[in-house]
Amino acid sequence: MIERLNERITIEKNTAATDVYANHFTEWTEYYSCACRADTAPKATIDESQPNAVIYDERMITFEVRYCTELKSIDSTNYRVVFRGENWNIVYVDMMNWAKKIIRLRCEKELR
């Protein structure tokens, strides 16, 4: 299994912060970095706003990481993945039947 983990990701956490004027805001801070297996799966959808119902690909990706205590409480609301310089929103976290071996993170590309 180790040989399949040939990519590197950084997991960021959404945290609350304050500026010098005591204004509260949220920011992404680096939480954990690890090796992973990245598996892309294009998804075909229909764009009904076009007159000819053009089909386009919406890029989704699944990351498989080894289970560790730092990731046991990861969720799709407060965390995101940075992979090859691009941000990916976590859509679904699969703990693989709680076997404590692999965690799958189903992600979609963040629109900027």
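This is a short walk through the fold, the core, the cysteines and the salt bridges of one protein chain.

Okay, ground rules before we start. What you have in front of you is a predicted model, so local features need pLDDT of at least 70 and side-chain atom pairs count only at pLDDT 80 or more, while totals for chains, interfaces and linings use all residues. Residues are numbered from 1 along each chain as its sequence is written, and side-chain values use heavy atoms, with hydrogens and water left out.

Let's begin with the overall layout. The protein chain has 0 helices and 6 strands; those come from DSSP runs numbered from the N terminus, H or I of at least four residues for helices and E of at least two for strands. Reading from the N terminus, you just get β-β-β-β-β-β. Of the 112 residues, 29% count as buried. When I say buried, I mean under 20% relative accessible area, exposed is over 50%, and partly exposed is in between, with a 1.4 Å probe and protein chains only. The accessible surface of the chain comes to about 7800 Å², and carbon and sulfur atoms hold 46% of that; the areas are Shrake-Rupley values with a 1.4 Å probe, and for residues only the protein chains shown count as cover.

What about contacts along the chain? Taking contacts with a separation of 6 or more, residues 24 or more positions apart account for 50% of them. A contact here is heavy atoms within 4.5 Å.

On to the inside. In soluble globular proteins, nonpolar side chains tend to be buried together. In this model, the largest nonpolar core has 20 residues, and the ones with the most contacts inside it are Ile9, Ile11, Phe63, Ile74, Val81, Leu105 and Cys107. The elements giving two or more residues to this core are S1 (7-18), S2 (24-47), S3 (54-66), S4 (79-83), S5 (86-94) and S6 (102-109). For the record, a core means buried Ala, Val, Leu, Ile, Met, Phe, Trp, Tyr and Cys residues joined through side-chain atoms within 4.5 Å.

Have a look at Cys107 in there. Setting aside residues up to four places away in sequence, Cys107 touches Met60, Ile61, Phe63, Val81, Trp88, Asn89, Ile90 and Val91.

Since we're on cysteines: how many disulfides does a search of the whole structure find? The count is 0, where a disulfide would be a pair of cysteine sulfur atoms within 2.5 Å. Cys34 is in no disulfide, and the nearest cysteine sulfur, that of Cys36, is 6.5 Å away. Cys36 is likewise in no disulfide, with the sulfur of Cys34 as its nearest, at 6.5 Å. Cys34 counts as buried because its relative accessibility is 9%, and Cys36 is buried at 0%.

Now the charged pairs. By the rule I'm using, there are 7 salt bridges, meaning a side-chain nitrogen of Lys or Arg within 4 Å of a carboxyl oxygen of Asp or Glu.

Take Glu12 and Arg80, where the closest N and O atoms are 2.8 Å apart. Glu12 sits in strand S1 and Arg80 in strand S4, so this salt bridge ties together parts that are 68 residues apart in sequence. Buried or exposed, these two, Glu12 and Arg80? Both are buried.

Next, Arg37 and Glu64 form a salt bridge with closest N and O atoms 3.8 Å apart. That pair joins strand S2, home of Arg37, to strand S3, home of Glu64, across 27 residues. Arg37 is partly exposed at 28%, whereas Glu64 is buried at 7%. Arg37 and Glu64 also belong to a salt-bridge network with Arg4 and Arg104.

Then there's Lys109 with Glu86, at 3.3 Å between the closest N and O atoms. Lys109 is in strand S6 and Glu86 in strand S5, 23 residues apart. Lys109 is partly exposed at 37%, and Glu86 is partly exposed too, at 32%.

Two asparagines to finish. Asn87 is in strand S5 and is buried at 14%. Leaving out neighbours within four places in sequence, Asn87 is in contact with Arg80, Val81, Val82, Lys109, Glu110 and Arg112. Asn6 is found in the segment before S1 and is exposed at 58%. The C-alpha atoms of Asn6 and Ala38 are 8.3 Å apart, with their positions 32 residues apart along the chain.
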